[in-house]
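Colleague: Please take me closely through one part of this model, the protein surface that meets the DNA. Which residues line it, and which atoms make the contacts?

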Protein chains: 2
Amino acid sequence: MKPTIQNSIVLFKALSEITRLKIIWLLINIDSKICVSEIIEVLNQPQYNVSKHLRILRKAGLLEESKEGKWVYYYIKETDSEFILHLKKAISIISEKRHGC
Amino acid sequence: MKPTIQNSIVLFKALSEITRLKIIWLLINIDSKICVSEIIEVLNQPQYNVSKHLRILRKAGLLEESKEGKWVYYYIKETDSEFILHLKKAISIISEKRHGC
DNA sequence: TAAACATATGCGATATTTTGCATATGTTAT
DNA sequence: ATAACATATGCAAAATATCGCATATGTTTA
C-alpha cells in the first residue's frame, strides 16, 4: 500500500531527531536485535530518553520489541512498504563516523 | 559522498512538515519547474509561509530557484547523492490523494 | 518478601519550529 | 514616477518537541 502524506510525515519526523536516527542506523547496520541497555551505553544517552525515543520509533512502525525476561530487545520491523524500504536504503548509506560517543 | 548524520537530519527535518513535503511531492510528480504563486494556489497556503518553506527546502539542498522577471521558479535540484535519490524515490511513492485543498 | 535491576511514563521546564503580521525588495506596467 | 504585482524577511506569538526528574511497572535474585 502507498503511504498517505500523513503516514510519511510521521516517518520523517521519527527520523528527524539525532538519537532516533542513530538508533535506526545502528539497528540497520548491525542487522540484529539489541536491548535497551546496550543502546543506552552505545549512544551514551539517559535511560528515560532512549526509552521515549524507542517508543516513537515503534509507533512510527519502524521498530518492534520482544520482551525477554528483564530485558526488552528492539529490532527493525520487517516491511513490504516500498516507502519504508527506500528510507532504510537511504539510512544505510549514512556515514559511520561518530555515531556513539 | 556519504552524508553525515547531521546532513541527514537536516534533510529529514526539511521533509517533516506537511506543506514542505507537499511541495517536494508536487515537484517530483510534475517533473518540471513551478513558480511560487502556483504553489500558493495549489496548496492554499499563505504567501509568507510558502516562501519560508521554500527557503528551508532550498537550504537543505533539495530545491533550486531560477528568477524570471517578476516570478521565481523552483525545481528539484539535480543530485548524485545516493541518499537523496533514495529519499526522492520514497517520496514519489506517496499517495496522490488530498495534497492540495 | 525484599532488594536489585531493566525499562517505561507523567509532568513541568526548556528548546525548537511554525505561524501571522507588517513590511521590505525587486520587477513590470501605466 | 507611481502603481500593481510577486516574493522575501524580521520579529513576536503560538504550537510542538525534547529533556530532566521523579516515580511507576515488571522481572529476577537473594
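Modeller: Here is the DNA-facing surface, one strand at a time.

This is a predicted model, so local features need pLDDT of at least 70, side-chain atom pairs count only at pLDDT 80 or more, and totals for chains, interfaces and linings use all residues. Residues are numbered from 1 along each chain as its sequence is written, chains are lettered from A and ligands numbered from 1 in the order in which they are written, and side-chain values use heavy atoms, with hydrogens and water left out.

Start with DNA strand D. It is surrounded by 23 residues; a residue is near a strand if one of its heavy atoms lies within 4 Å of it. The closest are Y48(A), K52(A), S37(B), Q47(B) and Y74(B). Of the atoms of strand D that come within 4 Å of the protein, 67% belong to sugar and phosphate.

Bases are contacted too. Polar contacts here are pairs of N or O atoms within 3.5 Å. K52(A) places a polar side-chain atom 2.3 Å from a base oxygen of strand D. The side chain of Q47(B) has an N or O atom 2.6 Å from a base nitrogen of that strand. On the backbone of strand D, a phosphate oxygen lies 3.0 Å from a polar side-chain atom of S51(B).

Now the elements. Helices (H or I, at least four residues) and strands (E, at least two) are DSSP runs, numbered from the N terminus. Four of them each supply at least two residues of the surface near strand D: α4 (47–59) of chain A, and α3 (36–43), α4 (47–59) and β3 (71–76) of chain B. The largest share, five residues, comes from α4(B). By class, this surface has eight nonpolar residues, six polar and nine charged. Ala, Val, Leu, Ile, Met, Phe, Trp, Tyr, Cys and Pro count as nonpolar, Asp, Glu, Lys and Arg as charged, and the others, Gly among them, as polar.

Turn to DNA strand C. Around it are 23 residues, and Q47(A), Y74(A), Y48(B), K52(B) and H53(B) come nearest. Sugar and phosphate make up 64% of the strand C atoms that come within 4 Å of the protein.

Three contacts to phosphate oxygens of strand C stand out for chain A. R55(A) has a side-chain N or O atom at 2.9 Å. V36(A) uses a polar backbone atom, at 3.3 Å. V72(A) also uses a polar backbone atom, at 3.4 Å.

For strand C, α3 (36–43), α4 and β3 (71–76) of chain A and α4 of chain B each give at least two residues to the surface. Here α4(A) has the largest share, with five residues. The classes are eight nonpolar, six polar and nine charged.

Technical notes:
A polar contact is a pair of N or O atoms within 3.5 Å; within protein, one must be able to donate a hydrogen and the other to accept it, and residues adjacent in sequence count only if both atoms are side-chain atoms.
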